[in-house]
Amino acid sequence: MFQVNDNYLKLPGSYLFSTIAKKVNAYSKANPDKKVIRLGIGDVTLPIAPAIIDAFHGAVDEMGKAETFRGYAPDLGYEFLRNAIAENDYKARGCDIEADEIFISDGAKCDSGNIQEIFSVDNRIAVCDPVYPVYVDTNVMAGRAGTYDARKGTWSNVIYMPCLEENDFVPELPEETPDIIYLCFPNNPTGAAVTKERLQEWVDYANRTGAAIIYDAAYEAYISQEGVPHTIYECEGARTCAIELRSFSKNAGFTGVRLGFTVIPKELKCGDVSLHSLWARRHGTKYNGAPYIVQRAGEAVYSRAGQTQIREQVAYYMNNAKYILEGLKEAGYTVSGGINAPYIWLKAPNGMTSWEFFDYLLENANVVGTPGSGFGPSGETYFRLTAFGSYENTVAAVDRIKKL
Ligand SMILES: Cc1ncc(COP(=O)(O)O)c(C=O)c1O
């Protein structure tokens, strides 16, 4: 008789977004005259830029002609896209990353969930708290997390690194030594960025202790300040300890299209075994490549017109972020993020918990955000707003909050 992977049974229900949806639906039903503004979800709203759409059309037409039709894509991605990434995202920033160290995928969610497969089940992970939940849940599924403490909301075998106001939402080096360290900057949910100096400390620590860093840079395009690294490979020694994950979702609006990539430098080894060759083996066995038309569209992101157009989109969202940040500050809230990331992280006022503040905001301002406790215990008194809405809705939401 078959048995299930009982690690899945250990996972607590993921109630965050379904609870939010239920509460919002109930409120809207009881108050049909109220216009609820949603600044909760992390999905983009602007359509894909014209230069990228043109590339899609061109590639679709190629698929309809015998001489240009393409079947299975190369396992690790088309050369044209890997070269564009290596040149624009790495070499142009002085980072030594070759095209054959880049693995094209259908996005950072899958890669951040799958990457743990190439590590021993005995390895111990460290995560930021609060955290993008995929890192922890996929390690639970693999049997690496231990047992769940429902009261604390933590796993016995996971090292949690609190990210709070006191440390500018960048974790301190942990007291216990992890084998795998997940870092995400600019951060979801806190919107915090890391300086190159502080990231260098992490790279040095990982090289010193033999840990691997999994660096999620899905929000790289939102960095606006000098001194904030766009890639972990700006740090010396990162080639021997760091894997980087990137996405086309938030810079180019590909959340529904799906495209991302993982970088694994060839020097990243455990003894004689290179993680690059393990991931190549996994990718080749379990994945048949992102679609040709999507990879051509990804290439167009790096064209001159593509770059101009996606920068305008990022600027649009960051103008929303500025409005939220400044408006909430004026209203007396303690706020952070929103400068190098499309997320604003605010402290719930008057000692409210994050769910109490959620209800308060929904009922009194008809604005929906995300309770910080959904991202980990250290998010308990915090709340996330996103800059991905329309400018008009963002202004209306902030103005309502200011009037409370
Ligand atoms: C930190 C982080 N990593 C990865 C992703 C997922 O990216 P993708 O759309 O490429 O799967 C998200 C999406 O919200 C995210 O916040």
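**Core, domains and ligand shell**

In the largest nonpolar core, which holds 117 residues, Val127 and Ile213 touch the most other members. Helix 11 makes the largest contribution to this core, with eight residues. Both domains take part as well: domain 1 (13-42 + 305-402) and domain 2 (52-302) each put at least three residues into the core. It's worth saying up front that this is a predicted model.

As for Ile213 itself, leaving aside residues up to four places away in sequence, its contacts are Ile181, Leu183, Trp202, Ala206, Ile232, Cys241 and Ala242.

Now for the domains. The chain splits into domain 1, made of residues 13-42 plus 305-402, and domain 2, which covers 52-302. Their C-alpha centres sit 26 Å from each other. Across the boundary, 25 residues of domain 1 are in contact with 33 residues of domain 2. On the domain 1 side, at least two residues apiece come from helix 11 (304-330), strand 13 (335-337) and strand 14 (343-347). Helix 11 is again the top contributor, giving six residues to the side of domain 1 that touches domain 2. By residue type, that side breaks down into 13 polar, 11 nonpolar and one charged.

Ala193 makes a handy close-up. This alanine belongs to the loop that runs between strand 7 (180-184) and helix 7 (196-209). Ala193 counts as buried because 25 other C-beta atoms lie within 10 Å, where 20 or more are needed. Setting aside residues up to four places away in sequence, Ala193 touches Phe185, Pro186, Ile223, Gln225, Val228, Asn340 and Ala341. Take the pairing with Gln225: the two are 32 residues apart in sequence, yet their C-alpha atoms are 9.2 Å apart in space. Two of the partners of Ala193, Asn340 and Ala341, fall within the 305-402 segment of domain 1, while Ala193 itself falls within domain 2 (52-302).

That leaves the ligand. There are 14 residues around the ligand, and the ones that come nearest are Gly107, Lys109, Asn188, Ser247 and Ser249. Helix 5 (residues 108-114) gives the most to this shell, with three residues. Polar residues make up eight of the shell, alongside four nonpolar and two charged.

Put together, helix 11 turns up twice, with the largest share of the core and the most residues on the domain 1 side of the contact, whereas helix 5 holds the corresponding place in the shell around the ligand.

How values were computed
Residues are numbered from 1 along each chain as its sequence is written. This is a predicted model: local features need pLDDT of at least 70, side-chain atom pairs count only at pLDDT 80 or more; totals for chains, interfaces and linings use all residues. A residue is near a molecule or strand if its C-beta atom, placed from the backbone, lies within 6 Å of it. Helices (H or I, at least four residues) and strands (E, at least two) are DSSP runs, numbered from the N terminus. Ala, Val, Leu, Ile, Met, Phe, Trp, Tyr, Cys and Pro count as nonpolar, Asp, Glu, Lys and Arg as charged, and the others, Gly among them, as polar. Domain bounds come from an automatic or database domain assignment. Two residues are in contact if their C-beta atoms, placed from the backbone, lie within 7 Å. A residue is buried if 20 or more other C-beta atoms lie within 10 Å of its own, exposed if 12 or fewer, and partly exposed in between; C-beta atoms are placed from the backbone. A nonpolar core is a set of buried Ala, Val, Leu, Ile, Met, Phe, Trp, Tyr and Cys residues joined through C-beta atoms within 7 Å.
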